[in-house]
Amino acid sequence: MGVSIPARPYEFVLDAPHAAFLIIDMQRDFLEPGGFGDALGNEISHLRAAIAPIGTVLAAARAAGVLVIHTREGHRPDLSDLAGAKHRRGRHATRIGDAGPMGRILIRGEPGHGIIPELAPVAGEPVIDKPGKGAFYATDLELMLRARGVTQLILAGVTTEVCVHTTLREGNDRGFECLVLEDGTASYFPEFHQTALAMACAQDGIFGWVAPSAAVAAALTGGTQ
Ligand code: TIU
């Protein structure tokens with residue numbers, strides 16, 4: 001049983017009762033002017049293009065009763081969960097934990113660490129705080145998915161080649177069937193986005209599947225596209 005979704009490298013058969021929609025790091029620090037991404041000189045408009053497609057699938061998932069989980073990358077205010085190697089990386093003038101226009105950068109509880117209002121979690125949707133790029137590393141995500149009998153993950157969020165791809169790989173190795181939204185993920189570097197999607201489904205689906213948000217939303221609402 002399931003609903004067929006046209007996808008790369010071949011159709012994905014959605015088993016909605018055992019699926020979860022995982023929205024990765026759609027945080028103000030990455031997507032809004034003055035955030036961490038912007039402060040590092042990145043082009044945030046590329047990331048903002050993913051907001052509307054994610055919103056479409058989010059509405060469909062909520063209507064279908066599919067589990068929605070949000071993640072946020074960030075650290076404790078005392079930086080006790082921030083590895084020195086991550087803190088030092090890049091030698092930027094502005095680093096994790098420093099003051100920024102939206103509070104301390106990538107620190108839990110600060111305004112910039114929050115999820116953008118367009119995709120704000122609603123009651124009953126777990127939010128996973130993660131110190132790394134992958135959503136499984138040093139979090140209770142896997143326990144949460146296993147406890148609910150989830151076997152399929154629909155992945156969205158930013159950035160495609162960093163936190164989404166790391167989570168895709170972690171999820172695939174744990175036995176989850178992973179589908180990545182091609183227009184519901186984004187990178188500061190469009191060429192990395194395209195390549196990351198190609199890598200996800202190369203070799204007959206080495207890590208999983210890639211499909212447009214409209215096809216996934218249609219499947220969630222009961223039809224095929
Ligand atoms: N969420 C996520 O991808 N974190 C990053 O640091 N991404 C970058 O592309 N820098």
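# A tour from helix α9 to the ligand

Begin by selecting α9, where S213, A215, V216, A217, A218, A219 and L220 are buried; buried stands for under 20% relative accessible area, exposed for over 50%, and partly exposed for what falls in between, with a 1.4 Å probe and protein chains only. The model in your viewer is predicted, so local features are reported only at pLDDT of at least 70 and side-chain atom pairs only at pLDDT 80 or more, while totals for chains, interfaces and linings use all residues. Residues are numbered from 1 along each chain as its sequence is written, and side-chain values use heavy atoms, with hydrogens and water left out. Helices (H or I, at least four residues) and strands (E, at least two) are DSSP runs, numbered from the N terminus.

## Around α9

Because 7 of the 8 residues of α9 are buried, this helix is largely enclosed by the rest of the structure. Show β1 (3-5), β2, α4, β8, β9 and β10 as well, since they are among the elements that cover the buried residues of α9. Then pick V216 alone: leaving out residues up to four places away in sequence, V216 touches I5, V57, I154, L179, L181 and A211, a contact being heavy atoms within 4.5 Å. Just after α9, G222 takes a positive phi of about 110°.

## The nonpolar cores

V216 also leads to the largest nonpolar core, which has 43 residues and in which I5, F21, M26 and V216 touch the most other members. A core of this kind is a set of buried Ala, Val, Leu, Ile, Met, Phe, Trp, Tyr and Cys residues joined through side-chain atoms within 4.5 Å. At least two residues of this core come from each of β2 (12-14), β3 (19-24), α1 (28-31), α4 (51-64), β8 (152-158), β9 (177-186), β10 (209-211) and α9 (213-220), and the largest share, 6 residues, comes from α4. Apart from this core lies another of 25 residues, including L67, L153, A200 and F207.

## The sheet and its helices

Next, display the open sheet of 6 strands, whose order is β7-β4-β3-β8-β9-β10, with parallel pairing; two strands pair if DSSP finds at least two bridges between them. The edges are β7 (127-130) and β10, each with a single partner strand, so one side of each is left without a neighbour in the sheet. On average, neighbouring strands of this sheet are turned by 25° against each other, direction ignored. At the β7 edge, look for β4 (residues 67-73), which runs parallel to β7 and is joined to it by 4 bridges; here T71 has I128 of β7 as its bridge partner.

Now bring back α4, which lies across β3, β4, β8 and β9 and runs at about 150° to β3. Such angles run from 0 to 180 degrees between N-to-C directions, with axes taken as lines fitted to C-alpha atoms, for helices over the stretch in contact. Helix α8 (residues 190-205) also packs on the sheet, where it touches β9 and β10, and its direction makes about 165° with that of β9.

## The ligand site

Select the ligand and the residues around it, namely D25, F30, E73, K133, V158, T159, V162 and C163, each having a heavy atom within 4 Å of the ligand. Begin with D25, which is found in the loop between β3 and α1 and counts as buried, at 0% relative accessibility. An N or O atom in the D25 side chain is 2.8 Å from a nitrogen atom of the ligand, and for the E73 side chain the corresponding distance to a ligand nitrogen is 2.9 Å.

Stay on D25, because its side chain and that of T71 are joined by a polar contact of 2.7 Å, a term that covers a pair of N or O atoms within 3.5 Å, where within protein one must be able to donate a hydrogen and the other to accept it, and residues adjacent in sequence count only if both atoms are side-chain atoms. The D25 side chain also reaches the backbone nitrogen of E73 at 3.4 Å.

Move on to T159, in the loop between β8 and α7 (160-173), where a polar side-chain atom lies 2.9 Å from an oxygen atom of the ligand. The peptide bond from V158 to T159 is cis, with omega near -15°.

## Backbone stops

Most residues other than glycine have a negative phi, and most peptide bonds are trans. Another cis peptide bond runs from R8 to P9, with omega near 0°, and P9 is found in the loop between β1 and β2. Finish at R91, in the loop between α5 (84-88) and β5 (99-100), whose phi is positive, near 55°, and which is exposed, with a relative accessible area of 79%.
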